[in-house]
Amino acid sequence: MRKKPMFGQLKTVFTLLLPIIYIVLGILLLFIKGINTEIFAELIGAMLMIIGAALIIHYFLSKAYMDLNAYGFSIGALAVILGICILIKSKDVGDGLSVLLNICIMLTAIIKLQNAIQLKFMKSVFWIPVLCVSLAFLACTVLITVNPFSDNNVRDTFTYIVLLCDGVVSFANAILLRIVVRRPPRAPQTTDIIQA
């Protein structure tokens, strides 16, 4: 059976590239005063279109259409259409950038929650800290959505800080997962064999 390269590439994007993007965006939005959020919206739209186009091209070049479980075309088309919509409404998206970033943070928090479940079933002791971190970021996304802040600027600053922290934690989480997955399985001890 042919290996599915699509899922491996998406996993790489989510686990390595996305945290770096979060960190860069967080730093820029926090430390460059008076930054134009509309330009950020345009960049996000353009980036989505490029990624979507790359996924669609790869889908056809790798003949992934022969695999009923490959969704590279669908994901790519969604990214392109979403990118076009963001470019068309870049001013509105720029004004509501915190909402868009909050959805992104929520996405990676849910991915970390899934990672905690995977680590639990892999019998890794790291599942508890990963679970706690994922729940903390989910709580932050709820806080951003509820918006108890007195000023929208405070909410935006809080969102940018959470985005930066999420990027750092997601990158560390990706490295942790790679170490755990590549670690050789524990050899059965003599006492384990006797108990069996």
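This tour moves from the whole chain to three packed helices and then to two single residues in a predicted model.

**The whole chain**

Begin with the entire protein chain selected and displayed as a cartoon. Its secondary structure consists of 8 helices and 0 strands, so that the order of elements from the N terminus reads α-α-α-α-α-α-α-α. Switch to a surface representation next. The accessible surface amounts to about 12,300 Å², and carbon and sulfur atoms contribute 73% of it. Of the 196 residues, 34% count as buried. If a contact map is at hand, consider the pairs with a separation of 6 or more: 75% of these contacts join residues 24 or more positions apart.

**Helix 5 and helix 6**

Select residues 97-121, which form helix 5, together with residues 127-146, which form helix 6. The axes of helix 5 and helix 6 come within 8 Å and cross at roughly 160°. Because angles over 145 degrees count as roughly antiparallel, helix 5 is roughly antiparallel to helix 6. Their crossing is left-handed. Now show side chains at the contact. On helix 5, the participants include Ile105, Met106, Ala109, Ile110, Leu113 and Ala116; on helix 6, they include Trp127, Val130, Leu131, Phe137 and Leu138. By class, this contact comprises 15 nonpolar, 5 polar and 2 charged residues.

**Helix 6 and helix 7**

Keep helix 6 and add residues 152-182, which are helix 7. The two helices pack at an angle of about 160°, and their axes lie 11 Å apart. That angle makes helix 6 roughly antiparallel to helix 7. Helix 6 passes helix 7 in a left-handed crossing. The residues to highlight on helix 6 are Val130, Val133, Phe137, Cys140, Leu143 and Ile144. Among those facing them from helix 7 are Phe158, Val162, Cys165, Asp166, Val169 and Leu176. The residues of this contact divide into 11 nonpolar, 2 polar and 2 charged.

**Helix 5 and helix 7**

Hide helix 6 and display helix 5 with helix 7. Here the packing angle is about 25°, with the axes 10 Å apart. Helix 5 and helix 7 are therefore roughly parallel to each other, and their crossing is left-handed. From helix 5, the contact draws on residues including Leu101, Asn102, Ile105, Thr108, Lys112 and Asn115. From helix 7, it draws on residues including Arg155, Asp156, Thr159, Tyr160, Asp166 and Asn173. The classes at this contact are 10 nonpolar, 7 polar and 4 charged.

**Asp166**

Centre the view on Asp166, which is found in helix 7. Asp166 takes part in the contact with helix 6 and also in the contact with helix 5. Is Asp166 buried or exposed? Its relative accessibility is 0%, so Asp166 counts as buried. Select its surroundings, leaving aside neighbours within four places in sequence: Asp166 is in contact with Tyr22, Ile105, Thr108, Lys112 and Phe137. Of these, Ile105 and Lys112 are listed for helix 5 in its contact with helix 7, and Phe137 is listed for helix 6.

**Ile81**

Finally, move to residues 72-88, which make up helix 3, and select Ile81 within this helix. With a relative accessible area of 51%, Ile81 is exposed. Add Met49 to the selection and inspect the C-alpha atoms. Those of Ile81 and Met49 are separated by 7.4 Å, although the two residues are 32 residues apart along the chain.

Key
Residues numbered from 1 in each chain as written. Predicted model: local features only at pLDDT ≥ 70, side-chain atom pairs only at ≥ 80, totals over all residues. Heavy atoms only, no water. Axes fitted to C-alpha atoms, helices over the stretch in contact; angles between N-to-C directions. Helix = DSSP H or I, 4+ residues; strand = E, 2+ residues; numbered from the N terminus. Parallel < 35°, antiparallel > 145°, perpendicular 65-115°, else oblique. Left-handed = near helix turned anticlockwise from the far one by under 90°. Contact = heavy atoms within 4.5 Å. Nonpolar A, V, L, I, M, F, W, Y, C, P; charged D, E, K, R; others polar. Buried < 20%, exposed > 50% of the residue type's maximum accessible area, 1.4 Å probe, protein only. Areas by Shrake-Rupley, 256 points an atom, 1.4 Å probe, with all protein chains shown as cover.
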